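Biologist: Please take me through this entry by question and answer, beginning with its salt bridges.

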Protein chains: 2
Amino acid sequence: MTAQAVEEVRLARAYLMRVAEPPAFALHAFVNVVGALAAAERVRRGDVPQLVANESEARRHVDLAEEDLAAAEKVGGRLLMPEDPEWPAWQLLCLGPPTDRGLRGAGTPLGLWVRGTAEVGEVFDRAVSVIGARAATGYGDLVASEIGYALGNAGMTVVSGAAYGIDGAAHRGALKAGGQTVAVLGCGIDIPYPAGHSGLLEAVAASGLVISEYPPGTNPARHRFLVRNRLIAALSSATVVVEAGVRSGARNTATTAAALGKVVLAVPGPITSAMSVGCHDLLRTGAATLAGSVGEILEAVGPVGEHLRTEGRSARRSTDGLADQALRVHEALRREEGCAAEEVAVDSGVPLDRVRALLPELELTGHVERGEDGWRQAKGGEHGR
Amino acid sequence: MTAQAVEEVRLARAYLMRVAEPPAFALHAFVNVVGALAAAERVRRGDVPQLVANESEARRHVDLAEEDLAAAEKVGGRLLMPEDPEWPAWQLLCLGPPTDRGLRGAGTPLGLWVRGTAEVGEVFDRAVSVIGARAATGYGDLVASEIGYALGNAGMTVVSGAAYGIDGAAHRGALKAGGQTVAVLGCGIDIPYPAGHSGLLEAVAASGLVISEYPPGTNPARHRFLVRNRLIAALSSATVVVEAGVRSGARNTATTAAALGKVVLAVPGPITSAMSVGCHDLLRTGAATLAGSVGEILEAVGPVGEHLRTEGRSARRSTDGLADQALRVHEALRREEGCAAEEVAVDSGVPLDRVRALLPELELTGHVERGEDGWRQAKGGEHGR
């Protein structure tokens, strides 16, 4: 295709993306069959199958393709489409061909409005979505920010939805680490939504990407966030839910991600927190794996073996590895005063000759000490449950 | 058996329980084969197989049976044994015959020193153990106390280990609800351990039970707590771990409970808390089921159908149940100003005739209102992710 031909296709797709509300299953299938150029021409004329007409009839007279491309350019954006070499085809493959599975059904987008400096062809190679409640708690904000930071630090891309709460904290964490982060919106890429995140969206675009399948100027709406969620899930190889209430878009994204065969992790929280109920439900029903630390997330999402968790957490007690009788002999001793082997035998229930054999062994390993008043525990033991 | 014969068996068992350190696999097997009376006599004489000698040799000259029974009686206690009608045989059945599976291996006790007023034959019919870290956080204490209260309130017995932290909070919660609670100790039933819980132990004994397989006067020791844990697991039909560190006795009890085929639940907490790491590990590895609320615990442990969780948590949105197009039409409307069906069609992407059909339907269901300036959303909608 000549460069001009490509731009004609882009205009056609820009027109089609405004004509029908995503996910437009029939229109998408139609484009796949007749091609974007012919599809645009026939939609304009109203010369389409009934199902496509149902999706496109209301807006087919609205052709703002050039205006939309200009509006995107005005904010440093562009329309990316399957005909472009950097189109994230591999990631979107999981969405499959459009089939009418209802509002939350899968389906690849006709194109993606993108804004930002990151290489679209690379940014999704190692991407993890970090999502959660808008009404996050301080705990959720902290954890999301730390996860975002750790992923960014590990060279992974943090994908989220730019909402208040968890989404914003995840983006910020990634930015703080100098990592790449991508915001997928349920409105136009030129709409600073939510308003309080206009600065954050600028920062995301400055080093990462702001993405949407909605034309510039499109206002946010609840059903658009639900449709958008499939893109967050598809563009990441794993999804981490940090906090989620009983009803939440994050759970919708997690369910979609699981349906797409992605790794789904959920961060637990206090059961006294309403903002962790959604995560706990995902964990209890087995829809998500528990993410108990940032290290566990890296281990779950990173290339095999790259982020193997260190086992340092499981610090060993000095008496670990002692066999039953040795442990009992050790326990029968006191630290404050020495005692004779005979006393140890009675107190521990270990035969006296075994006690006499074990005590010097335990002295060699540093577990017990011999003094003038007999045997006693060496420093460093531990007592309790 | 005559009453006198029974008391002779009791003396024999009291002697044997001091002779060998539990779990005394060989001695236990020996008692099963020759009976408690003959076993005691032969142990005293040293006329036993080598394995039994290994377990009993060091203390076989120590016969404090009468003193132990007197010491127990002094604190209102007694020695319960398999020959007694109220012996909790059914619950202890899961421990099976003694097999040498190491320190944490199963094995029924030769007897149980009990102190308190509860009916041993009934108190374990509906028992749940609530266990966890000694170094509990405020969160853990709160949750353990609430679980203890809820179980006590539901007529279930709360079993725990009387340790500081979670154990103590669980006992206290049960007591507060006027419920029955049982403390299983890793020392004698006359030892106020931990010292700060002597009042709590009195309160537990006053309405419930304090239990131990260790003779009166036995000091606490680490290996005894590990051995004790199998009794906590066996005497309960479910085990709830509230908080647990990386290394903890509570995890040991949970693992034992799972091995015994009991329901194991773990309460999640903040991943920033070291005291929840053990619970999260149990959940991640599938060793425990997530307990997200007191209601979920009651549902999991109660008789089938008795504590079905109410689904009230999952409050419905007013727009739930709206089909895709209806939802889009609803979203395209504003609350502040009315608009015409034509505008709605363009904004929602729904064909105009469908919009014209849907708006009156949505008016009937109370989702939209018709005013002088056109259609608008009714009060009560919600917007966002």
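Biologist: Is B:E296 buried, partly exposed or exposed?

Modeller: In this predicted model, the relative accessibility of B:E296 is 7%. Since the limit for a buried residue is under 20%, B:E296 counts as buried.

Biologist: With which residue does the side chain of B:E296 meet in a salt bridge?

Modeller: B:E296 belongs to helix 14 of chain B, and its partner lies in helix 13 (residues 277-284) of chain A, so the pair joins two chains. The N to O distance is 2.5 Å. The partner counts as partly exposed, at 25% relative accessibility. The residue is A:R284.

Biologist: How many residues apart in sequence are the parts tied together by A:E342 and A:R356?

Modeller: The side chains of these two residues meet in a salt bridge with an N to O distance of 2.6 Å. Both count as partly exposed, A:E342 at 39% and A:R356 at 47%. A:E342 lies in helix 16 of chain A and A:R356 in helix 17 of chain A, so the pair ties together parts whose separation in sequence is 14 residues.

Biologist: Why do the buried residues of helix 16 of chain B line one face of the helix?

Modeller: The buried residues of this helix are B:A341, B:V344, B:A345 and B:S348. Seen down the helix axis, they line one face because they fall within an arc of 100°.

Biologist: Which strand is included in what covers those buried residues of helix 16 of chain B?

Modeller: The cover includes two helices of chain B, helix 15 (324-332) and helix 17 (352-364). It also includes a strand of chain B, residues 374-377, which is strand 11.

Biologist: What relation holds between chain A and chain B?

Modeller: Chain B is superposed on chain A by a rotation of 180° with 0.0 Å of shift along the axis, at an RMSD of 0.2 Å. The C-alpha of chain B nearest the axis is that of B:G269, 2.2 Å away. In addition, 99% of the contact residues of chain B recur in chain A. The relation is that of a two-fold axis.

Biologist: In the open sheet of chain B, which are the edge strands?

Modeller: The sheet has nine strands in the order 1-2-6-5-4-3-7-8-9, with mixed pairing. An edge strand pairs on one side only, and this applies to strand 1 (77-80) and strand 9 (289-290) of chain B.

Note on methods:
Residues numbered from 1 in each chain as written. Chains lettered and ligands numbered in written order. Predicted model: local features only at pLDDT ≥ 70, side-chain atom pairs only at ≥ 80, totals over all residues. Heavy atoms only, no water. Pairing = 2+ DSSP bridges. Helix = DSSP H or I, 4+ residues; strand = E, 2+ residues; numbered from the N terminus. Buried < 20%, exposed > 50% of the residue type's maximum accessible area, 1.4 Å probe, protein only. Arc of directions from axis to C-beta. Contact = heavy atoms within 4.5 Å. Least-squares fit on C-alpha atoms with pLDDT ≥ 70 in both. Salt bridge = Lys/Arg side-chain N within 4 Å of Asp/Glu carboxyl O.
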